[in-house]
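Notebook open, coffee poured. Today I went looking for salt bridges and for how exposed their partners are.

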Amino acid sequence: MSEQTYRYHISDCKKYARCPRLFVYSQNEDKETFRPFVRLDEEVTELAAQMLGIPADSRFTGKRGDSPDLALAALHEKEWLIKARFEAGQLRVKVPFLHRQESGWDLYFLFIGLYPHADDLQFYCDTAWVLEENDIALNDIYIIHLNAGYVREKELDVHQLFTVSDRFYNSRNHPSALIRDLIFREMKDLTGMLSSMDACSLDSMSAPIRTSRCSSRQKCRYYDRCFPFEKEEPDNSIVTLIASQHKHAMKGEGIRFLKDADPARIEGSRQQYAQIMADRGTGLFCDRLALRSWLGRIRYPVTFIDFEWERFAIPPYEGMRPYDVLPFEYSMHILKEDGTMEHTVYLSVHDDRRSLAESLLKDAAPSGSVIAYNAEGAEKIRIRELADLYPDLAEGLLDLNERMEDLQLPFESGIVYDTRMKGFWSLKVIMGMMNDASYKDLDIQQGMDAVFEWRSLDQNEEVENSEKIIEELKAYCGMDTYAMTVVYAWLKKLASEQPLYSNI
Ligand code: SF4
């Protein structure tokens, strides 16, 4: 193996461009084992190579740790280069596919998503810059991506699975700007930036300043490190104001609490109103008229339901599309009018959606309301997908959706707000306010942890402690529906109190 001569990957350039401090923090941190949210069992590059029809004898395939000399030599010997490593100015890139043409090389990027957008342009430009620095003349540029319309039949069809696009997609996922044109228009010489990255250190930086780069799109992973005092903010701090553009500016001017928010600089959502009213009173706001109206729709017996599922980039089973999900577990609490409760958990260690759908129909109460938390964004969709998959079960499944209510609604619509929520309204946050059993005691504490644990069971024949993992998965999912029953009881109690419209 050749001695390492490079220092940076494109991900480092992206971090530096977003924030030099973020770049330095990440350089000094142990690399965590990456656990993807979306499951990808297949070697996607190999599938794409099959789709491109690349013969085995005309390809060079690079690998981790390769000297860039190998790829440069392959340019003279092979028609196709796959995963070739090139370097320029201490930056190393892995190029998915290069295909020799008379006038240069066609470059194919590989995007394991449905619609490549130009917002990741820096990645594409930086790769093209390294190739240009190596005197590789680029001809056409394409992005291979997953085809959103593909439905898997028994066998995976790579020609249907992928789409080869010469254009980026716009916000409506329609083809827009030519990839090649945009890359050559926006490509920058990285020499200066790479030198600045070399010279960058924490010692040379002033104190962090909060800007949109800290939390826009995705909250920076170092946010708490840069602004540790925010965690110490009181429950009614102005910085808990939901979806507020000006909360940090107000705080900077000395407005510390929700109750003092500047009316001219709040967006005026119902949630913000509830927050401010809560802080002007005892810390709890409740629009009892609206809450009673919502609760009035709930009928006994009440079935509380929660699913766990896995998402696959490449459809593993017949009838699935790219990025489809596979539900593998549900928990159900059924609350009867006399206050008694039944609990059921269904868990399948491998794909058994038919059995899950049948059990769901058997376990759910045949009448009354069905309640989920974030029902519109999750449980209703899962049930509709099962109904599409098993038309003979569709009537019963869609009836569950007809009866479904979203327990999140009183919180996300500003009917109820407690300053202890600190601007959030997940089930976990709401449960944190209750003096009741909480997720803290469970070995599996996060939804994604549950998925990772199930993934280990599904992917491996033999898993140490598999029975313990199964019990933990059941306990975790069961806690979610139990939590819903606790929150539901709390809302009923709140609604029964006086006055009707109150922050006292
Ligand atoms: S929180 Fe903001 S200032 Fe801190 S590292 Fe992240 S982007 Fe940079």
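My entries on the charged pairs follow below.

Before anything else, I noted that this is a predicted model.

Entry one, the count. I searched the whole structure and got 27 salt bridges. I then picked out a few to look at.

Entry two, lysine 83 with glutamate 43. Their side chains meet in a salt bridge, 2.9 Å from N to O. I looked up where the partners sit: lysine 83 is in strand β3 (residues 80–88), while glutamate 43 is in the loop between α2 (20–27) and α3 (44–52), so the pair ties together parts 40 residues apart in sequence. Buried or exposed, I asked of lysine 83? Lysine 83 counts as buried, because its relative accessibility is 18% and the cut-off for buried is under 20%. Glutamate 43 comes out at 43%, which makes it partly exposed.

Entry three, arginine 210 with glutamate 230. The closest N and O atoms of this salt bridge are 2.5 Å apart. Both partners are in loops: arginine 210 between α8 (191–199) and α9 (212–215), glutamate 230 between α10 (223–226) and α11 (247–252), so this pair ties together parts 20 residues apart in sequence. I put down arginine 210 as partly exposed at 25% relative accessibility, and glutamate 230 as buried at 18%.

Entry four, glutamate 376 with lysine 380. They form a salt bridge with closest N and O atoms 3.1 Å apart. Lysine 380 has 15% relative accessibility and counts as buried.

Last entry, shared partners. I found Glu253, Asp262 and Arg265 joined into one network by salt bridges that share partners.

Technical notes
Residues are numbered from 1 along each chain as its sequence is written. This is a predicted model: local features need pLDDT of at least 70, side-chain atom pairs count only at pLDDT 80 or more; totals for chains, interfaces and linings use all residues. Side-chain values use heavy atoms; hydrogens and water are left out. Helices (H or I, at least four residues) and strands (E, at least two) are DSSP runs, numbered from the N terminus. Buried means under 20% relative accessible area, exposed over 50%, partly exposed in between (1.4 Å probe, protein chains only).
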